[in-house]
Amino acid sequence: MAKKLLLDKAHVPGIRSYEVYRKEGGYRSVEKAFRLTPAEIVEEVKLSGLRGRGGAGFPTGMKWSFLAKPEGVPRYLVCNADESEPGTFKDRYLMEFIPHLLIEGMIVASFALGSNVSYIYIRGEYAWIADILENAIDEAKQNGWVGKNILGTGFNFELYVQRGAGAYICGEETALIESLEGKRGNPRIKPPFPAVKGLWDCPTVVNNVETLAAVVPIINEGGEAYAKIGVGKSTGTKLISACGNINKPGIYEIDMTISVEDFIFSDEYCGGIPNGKRLKACIPGGSSVPILPANLLLTTAKGEKRMMNYESLSDGGFATGSMMGSGGFIVLDEDQCIVRNTMTLARFYHHESCGQCSPCREGTGWMERILKKIESGKGEMKDIDLLWDIQRKIEGNTICPLGDAAAWPVAAAIRHFRDEFEWHVQHPDKCLTENFGLRHYADPIHVAVTA
Amino acid sequence: MADEIKTFKVTIDNITIDVPAGTTVLNAARQIGGDVAPPAMCYYSKLQGSGGKCRTCLVEVAAGSTADPRPMPKLVASCRTTVMDGMVVKNITSEKVKDARAGVVEFLLLNHPLDCPICDQAGECHLQDLGYEHGKEGTRYEFPRRTFEKEDIGPYIQLHMTRCILCYRCTYVADQLTDKRVHGILDRGEHAEISTYISKAVDNEFSGNMIDVCPVGALTDKTFRFKNRVWFTKPVDAHRTCDTPGCCGNTTLWLRGEEVFRVTARKDEWGEVKSYEGKPGWICNTCRFDKKKTSDWTIEGVTKVNRHSVISQGKYEGLVMPKETVQEVMGGRAPKLLMNIHDESEVNDPKIQLSEINGPAHAENFKN
C-alpha cells in the first residue's frame, strides 16, 4: 500500500467541514510555515522536488523562485482549478471532498510568495464545488486562518473564488489571467511571463490545485522526507484519475514507484479490464498526451517495464513514449476504435480552440473534418498523410500549448495505429459495422540487442 | 554619454545590422528591407499590443544572443520577439520557416473565399500578396468553407466576416483611437467573428481607420464599394486643414479623372499608416467619407505606392515612354507612304465591321 499524503484523510466522515479537518491535524502546516521565513518555505519546496501537477511537470520550487519581487508592487498567487482536460478529474475530487487542504496549501504558498490576495479560478462547470470552496473559505476566515493579521503574524491574506464560464483554454495560465481580469480568455504572447507580468501586470504564480495541496505535506513532513517518496525526479505522490475500460475507475494516489501494468491490473488500483477484454491502448496523462498501444504502454522500447512516473512514461520521447501530463489515465480495450477516439479528441480541440492564432483556429477544424471523413468510411489514403502534415504544421507554431495538445493525439494515433486508419480507408463499409480489434497492438516489441 | 541609446547587433539572413535595444526582430528585418522582412498580417506597429496572432512572421532563432548562443527551440513570432545582442535569425534562409509559413498561408486561406474578382480589397490585399509570395497553387481543403452573413455596422463601413482572418487589428483601432469600443470578437475558435453588440452601428469619428488597418476585404468603405477597381484609380497625396482633434489631415485621394473615388490615410511600404511627427497619421471620418471633391483638398502629387501592389504596375512613378525611333533613323525625315494596302486588297476593309460578321471572317466577307 503506497503512502498517501493527500487522500489519507479523504474518507474521514465530515472532513469537508472545518472542525473535523482541524481535528485530523489540518492547518498544522500553516502554523509551522509561519515559524519559517518565506525564503525558507520556497527552499523547502525546492528540496521536495515537487513538480507541477497540472500537466507540464515544471518544478514548483523553481517556478516560485522565478517570481519577480519589485518594491511596492503586489504579487499574486492564482490557483488553476480550471480542470478541463478530458480524462482528468483529480482536482475536482480534492476540492469537493477536502476543500480545506487546498485552502491550507494556498495560505502557505501565499505566505511564501508574499501574496496578500490570492484567487482560485474554478471552471464554471464545477458550480457546486465553487460553493463548497466558498463555504470552506468562510469557515477558515471565522477561525482566523484567512483575513487580517493571521495568527498575530501581521500577514494579511484574502482568498477569492472566481468562476470561469466553461472554456478549456482558460486552463492555460495566461488565458486564465486574462479571464480573471474580466477579459476574453485569450492566451497572452509570452514573454513576458506571468512571473514578471501576470495578473494586472503584477508578478503572478499560477499553480494547479494538486500542486498547492501537495505543499501541505511538504511543510508538515519536510522537503527532504517528501523527496524520498518516489523515484528520481518524480518525487512525492501523484493523483491519477483512472477512467475508461477498467473495473474500478476513480482517483488513486500513487507514489510513482508502481508499474503501469500493476496499476491497470492490480486489485488495489484499476482492477483490470471488464468483461475479460484485452488491453488495446491507453492515454496515460489526459487527452493531450500521445496515445500508446498496449505493448509500448507496458514496456518501453528498450524492453524495460514502464513505470507510472514522469521519466518512465516519457521514455522514448514521442516516438515510443508519452507523458505523465495531468494524470488523466484513459484505458481503451480491444473494442475501442482508435479512429473514432481520435476524432472525438479532435472535435474537442476544435470546439475549444480560442481562435486567436491561425494554425490552431483553422487546423483543428480541418483535422476534425478529415477524421470524421475517415471514420464514416469516406476516407482516402492521402487523407492520412494530410492529417500528418496538418498536425506537423500546427505543432510548435501556435501561441499557447493548445495547438500542441491538439496535434499530439492525432500524431500519436497515426504513428502507432496507422494500419487501423488504413483499414478504415480500405474497408469503407466494414468499418461502419465492425471494429479493427486488437490485432498486433499487444504483441511483444522486438528489442534490438546492442553489442 | 548618459542618454546614449544602447544598440544591439543582430544578424538576419546573414545580414548584420545595429538596432536600438527593444526593437523587435520584425522591425530590425524591415530596416534591412526586401525579402528579409517577414510578412505580417496581424502586426501593426502603430497599434499597441497587436501581433503574434497570424503566425506568418515566424522566424528561426539560430542563436539567442552572444551571452547565451543557444538556439530557440521553437520558431518565434518575429513581431513580438525583441532582439538580443548577437542574435542570429534565419528567415528566408531557413527551410523550417519556409515550411511553417507555407502552412500558415494554407491555414489562412482555408476558409477565405476566393472572391477576389468582386472584392474591393483586391489589388491592395495583403492576403493576396501573401498567397502569391508564399502560398501553394492549390488547396487541399475539400470541405465547405465557413461563411457568415454580411453585417451592416453603420453608414460607412461594411463588414464581410467571411473574408476576415481575425487579425484583431480593428479591435485595437477601436480600443486605442476611439473612446468606446462597440465591436469585438464574439464566439471562439473557427466560429469566432468580429461583430458589434446586436448589430449596433459603429459610430465614431475615427472608426474609418478600421478599414485602413484591415489586411483583407472584411471591412470595406461603403462609399467606395463596387465603384471601381483600385488599380484603375490614380492615387495622389493631398491634405486639408481638418478641425477634428487627432486627425492629421494628410491623405491619399484615389482619383479617376477629376472624381475622388475614395480617401484613405497615407500608407508606408509595409501597408501601415505613415507617421507624422512621431504620431500615426490616422484620419477622421469627415476627411475620409465626406470630402469627396478635389476642391476640398490641396493635392501634393502622385503617391508612391508600396513595393508589392499591383497599383504601382506601369503607372506614374518611373514611367518611361518608349522612344519613337523611326524619325531618328531616317535622319529627321517623315516616313514616306509607298502605297495604301486597301487600294490593292479588299481584305480587312476598315469599313466592314468584323463584329457584325457571323463567325470567323473569310475573304468572301470582304467581297463587295
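Start by colouring chain B by confidence: its pLDDT averages 87, and 94% of the residues score at least 70. This is a predicted model, with an ipTM of 0.90 and a pTM of 0.89. One habit to keep while you click around: where pLDDT is low, the predicted coordinates should not be read in detail.

**Stop one: the sheet in chain A**

Now hide chain B and pick out strands β7 to β11 of chain A. They are listed here in sheet order: β8-β7-β11-β9-β10, an open sheet of 5 strands with mixed pairing. Select 250-254 and 292-293 next; these are β8 and β10 of chain A, the edge strands. Each has a single partner strand, so one side of each is left without a neighbour in the sheet.

Then move inward to residues 238-244 and 328-333 of chain A. Those are β7 and β11, which run parallel and are joined by 4 bridges. For a close-up of that pair, show A:Ala242 as sticks: what stands opposite this residue in β11(A)? It is A:Phe329.

**Stop two: where the chains meet**

Bring chain B back. Here 22 residues of chain A are in contact with 26 residues of chain B. To see the chain A side, select 338-352, 358-375 and 381-394, which are α15, α16 and α17; these are the elements giving two or more residues to the side that touches chain B. Which of them gives the most? That would be α16(A), with 8 residues.

Finish by colouring the chain A side of the contact by residue class: you'll get 7 nonpolar, 10 polar and 5 charged residues.

Note on methods
Residues numbered from 1 in each chain as written. Chains lettered and ligands numbered in written order. Predicted model: local features only at pLDDT ≥ 70, side-chain atom pairs only at ≥ 80, totals over all residues. Pairing = 2+ DSSP bridges. Contact = placed C-beta atoms within 7 Å. Nonpolar A, V, L, I, M, F, W, Y, C, P; charged D, E, K, R; others polar. pLDDT = per-residue confidence, 0-100.
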